[in-house]
Amino acid sequence: MKIFVITDIHSKYETILNYLKKNESSNDFDKIIVTGDITNFGPENLVGDILDKLSDYGEVYAIPGNCDPKNITELIDNSRAINLHDNILVLDDLVLVGFGGSNKTPFDTPNEFDEEIIYEKLNRFKKDLIENKTTILVTHVPPVNTGTDKTETDLHVGSTSVRKIIEETQPTINICGHVHESIAVDKIQNTIIINPGDAATGHACILEIIDDNQIKYELIEIE
């Protein structure tokens, strides 16, 4: 299975769309996962426009970001994409668990949650994350104290709850975003953490899941 992973589009989708158009025959993605901040606080109609255009190149799974409109889950539901927020999907041997938005920030953005809520929501899927062979935890906010959540001023702003769930369940992969400058691949025990960086400036990840739970990934920068 070949998956195209993007995050933090912030309404600037032209570079990513041009890449998908240009490389359609060679890449042939099975899935596209969007880990939030599809828009930059709207407008609402742009959510569906972006997700529908991406859906021409693979089955799209999306979660909200903290900077999306407050009614973002409804907007995803009304698009061609599949809403993964606060949800679990079983796709053959692959399990996807998703939760969007972020922990609290100083900026009071539309989709922020207390850490207790994030943990409570993700904890409902603990058994599924533990027992299944190949699992992808899809979050907008990264786990705290990793290479994926560090700001330009070296502050770690990730979620303690996302980290706790990863430590307790050890999903195969956690894909995240939110901190644009913290482009990295890291690990928490056996879990691979991937923040591809913001799609608004052409960053993405190509993820391949091969038989016997082998994982290949490549962070790319599109000009």
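This text walks through the helices, cores and ring pairs of one protein model. The model is predicted.

Start with helix H1, which covers residues 14-22. Four of its residues are buried: Ile16, Leu17, Tyr19 and Leu20. Where do they sit around the axis of H1? They span an arc of only 160°, which puts them on the same side of H1. What do these buried residues pack against? Their partners include two helices, H2 (24-27) and H3 (44-54). Strands take part as well: S1 (2-6), S2 (31-34), S13 (203-210) and S14 (214-221).

Move on to helix H3. Its buried residues are Leu46, Val47, Gly48, Ile50, Leu51 and Leu54. They pack against S1, H1, S2, strand S3 (59-62) and H4.

Ser79 touches this helix too. It lies in the loop between helix H4 (72-77) and strand S4 (82-83). Is Ser79 buried or exposed? Its relative accessibility is 11%. The cut-off for buried is under 20%, so Ser79 counts as buried. Setting aside neighbours within four places in sequence, Ser79 is in contact with Gly48, Leu51 and Asp52. Gly48 and Leu51 are among the buried residues of H3.

Now look at the largest nonpolar core. How many residues does it hold? It has 29. Phe4, Val34 and Leu54 touch the most other members. Several elements supply at least two residues each: S1, H1, S2, H3, S3, H4 and S13. Which of them gives the most? H3 does, with five residues.

Follow Leu54 for a closer view. Its contacts, leaving aside neighbours within four places in sequence, include Ile16, Leu17 and Leu20. Those three are buried residues of H1. Leu54 is also in contact with Ile6, Ile9, Ile32, Val34 and Val60. Apart from this core lies another, of 18 residues. Among its members are Ile33, Ile63, Leu94 and Cys205.

Cys205 leads to the next stop, Leu219. This residue is found in strand S14. Is Leu219 buried or partly exposed? At 33% relative accessibility, Leu219 counts as partly exposed. Not counting residues up to four places away in sequence, Leu219 touches Cys205 and Ala204. It also touches Ile183, Ala184, Val185, Ile194 and Pro196. Leu207 is twelve residues from Leu219 along the chain. The C-alpha atoms of these two leucines are separated by 8.7 Å.

Finish with the rings. A pair of aromatic rings is described by the distance of the centres and the angle of the planes. How many aromatic pairs are there in this model? The count comes to three. One of them joins Phe99 and Phe113. Their centres are 5.1 Å apart, with 55° between the planes, and the pair is tilted. Phe99 lies in strand S6 (residues 94-99) and Phe113 in strand S8 (residues 112-113), so the pair ties together parts that are 14 residues apart in sequence. Phe99 counts as buried, at 5% relative accessibility. Phe113, at 21%, counts as partly exposed.

Ring pairs also link Phe4, Tyr19 and Phe29 into a cluster. Two of these names have come up before. Phe4 is one of the best-connected members of the largest nonpolar core, touching the most other members along with Val34 and Leu54. Tyr19 is a buried residue of H1. One more ring has a charged neighbour. Lys164 lies over the face of Tyr119, at 4.4 Å from the ring centre.

How values were computed. Residues are numbered from 1 along each chain as its sequence is written. This is a predicted model: local features need pLDDT of at least 70, side-chain atom pairs count only at pLDDT 80 or more; totals for chains, interfaces and linings use all residues. Side-chain values use heavy atoms; hydrogens and water are left out. Buried means under 20% relative accessible area, exposed over 50%, partly exposed in between (1.4 Å probe, protein chains only). The arc is that of the directions from the helix axis to the C-beta atoms. Contact means heavy atoms within 4.5 Å. Rings of Phe, Tyr and Trp (its six-membered ring) pair if their centres lie within 6.5 Å; planes under 30 degrees apart count as stacked, over 60 as edge-to-face and the rest as tilted. A charge sits over a ring if NZ of Lys or CZ of Arg is within 6 Å of the ring centre and within 35 degrees of the ring normal. A nonpolar core is a set of buried Ala, Val, Leu, Ile, Met, Phe, Trp, Tyr and Cys residues joined through side-chain atoms within 4.5 Å.
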